[in-house]
Amino acid sequence: MIELLDVCYVRLGTKDIQTSTDFATRILGLEVSESSRNSRHLRSDERGHTLYYHDGDPNDHVVGFEISSNDDLDSAAATLEAIGNEVYRGTRDECDSRHVRDFISFREPSGLKIELVVRPEVLGKRHFPSRDAGISGFSHVGIFSQDCQRDEQFWTQVCNARVSDRIGDVPLLRVNEIHHTLALVPSQRGGLQHINHQVDSTDDVMRSYHLLKEHNVPIVFGPGRHPTSGARFLYFQGPDGMTFEYSVGVSEVDEETYRERQFGFEPFSLCMWGAKSNLDGLEN
Ligand SMILES: CC(C)c1ccc(C(=O)O)c(O)c1O
Ligand SMILES: [Fe+2]
């Protein structure tokens, strides 16, 4: 079994690196930690980077998950190969560009590229965001799934993720004590569905709501509150059609006593305040 410790970064191709950087810094509220002509590393917490933009195809999405050691990386590669996945081992240069000691990559069943990384870099220098969005860190991702039941099996049976809740057949999966680190969202395509950053307070969610509207950033869902994790949330659209979420108050799970819950596939399961969703794959 592969043991995922946490999600650690997202890598996105973009048609326009400058527009994406402006959005990430001036709107979303991240900090550029490294810059080259055709790439940007961006920080949201103590980690060296949690989002990476590079010149390239906007459909090129990668999600990195931390695992604990090189031994675990070797056994993850063997497990994945044994079930028919093609596994690629990162070169020294590729590891350096990710600021990790080692990584392997493969594609999950709906086709999204996943990197399993060992020892992602943390910086001693204090994170200093470019705008006061109140971000406390990168927290979870939504992944498009062509078959939620099949993909849930992969994440739970191969990667030891646990179901915290299901909304219909949409599972919210945890890999540690946080309510969820990934959500599978039904779609004909694969790739990333949304990128979540936690913020400090409901005031931060509401302040950003007004700022985003002033900047004509499309609001996709919210402000609202998820009955599943309990988080107050706001979803909005960034460059290349990517959806971002701010949320605050996600619950933690006691592994010994928690029992997964089944929510109906209906609007109030997504927002207990009654906001309507325009999220791709979850419109209501
Ligand atoms: C996948 C969807 C939109 C979803 C549902 C519930 C939560 C939560 O409980 O926090 C999310 O963060 C989601 O993104
Ligand atoms: Fe989310």
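**Cysteines, an iron site and the spaces around it**

In this predicted model, the sulfur of Cys 8 sits 12 Å from the closest cysteine sulfur, that of Cys 95, which is too far for a bond. Cys 148 tells a similar story: its closest cysteine sulfur belongs to Cys 159, 16 Å away, and that too is too far for a bond. A disulfide calls for two cysteine sulfurs within 2.5 Å, so neither of these pairs makes the cut. A search of the whole structure turns up zero disulfides. Both cysteines are tucked away as well: Cys 8 is buried at 2% relative accessible area, and Cys 148 counts as buried at 8%.

Next comes the metal. The iron ion (ligand 2) is held by His 140 and His 194, each through NE2, and by Glu 245 through OE, at 2.1 to 2.2 Å. Along the sequence, these donor residues follow the spacing H-x53-H-x50-E. The histidine pair ties together distant parts of the chain, with His 140 in strand S9 (residues 135-145) and His 194 in strand S13, 54 residues apart. Both histidines are buried.

His 194 also turns up in the description of the enclosed spaces. The structure holds two cavities of 30 Å³ or more, and the largest has a volume of about 210 Å³. Its lining takes in 23 residues, with Leu 172, His 180, His 194, His 226 and Tyr 235 nearest the centre. At least two lining residues come from each of strands S11 (170-174), S12 (182-186), S13 and S16 (243-248), and S13 gives the most, with four. By type, the lining of this largest cavity splits into 12 nonpolar residues, 10 polar and one charged.

The second largest cavity has a volume of about 50 Å³ and brings back a familiar residue, Cys 8, which lines it along with Tyr 9, Arg 47, His 49, Arg 98, His 99, Val 100, Pro 120 and Glu 121. Here the lining divides into four nonpolar, two polar and three charged residues.

That leaves the open side of things. The largest pocket has a volume of about 240 Å³. Strands S1 (6-14) and S13 (192-199) are the elements that give two or more residues to its lining. In total, 20 residues line the pocket, and Arg 189, Asp 240, Gly 241, Met 242 and Thr 243 lie nearest its centre. Nine of the pocket's lining residues are nonpolar, eight polar and three charged. Strand S13 thus recurs across these sites: it carries His 194, supplies the largest cavity and contributes to the largest pocket.

Key:
Residues numbered from 1 in each chain as written. Chains lettered and ligands numbered in written order. Predicted model: local features only at pLDDT ≥ 70, side-chain atom pairs only at ≥ 80, totals over all residues. Heavy atoms only, no water. 1 Å grid on protein atoms, 1.4 Å probe; cavity = no way out; pocket = protein on both sides within 12 Å on 5 of 7 lines; lining within 4 Å. Points joined across faces, edges and corners; volume = space filled by probe spheres on them. Nonpolar A, V, L, I, M, F, W, Y, C, P; charged D, E, K, R; others polar. Buried < 20%, exposed > 50% of the residue type's maximum accessible area, 1.4 Å probe, protein only. Donors = N, O, S within 2.8 Å, 3.2 Å for Na, K, Ca; no water.
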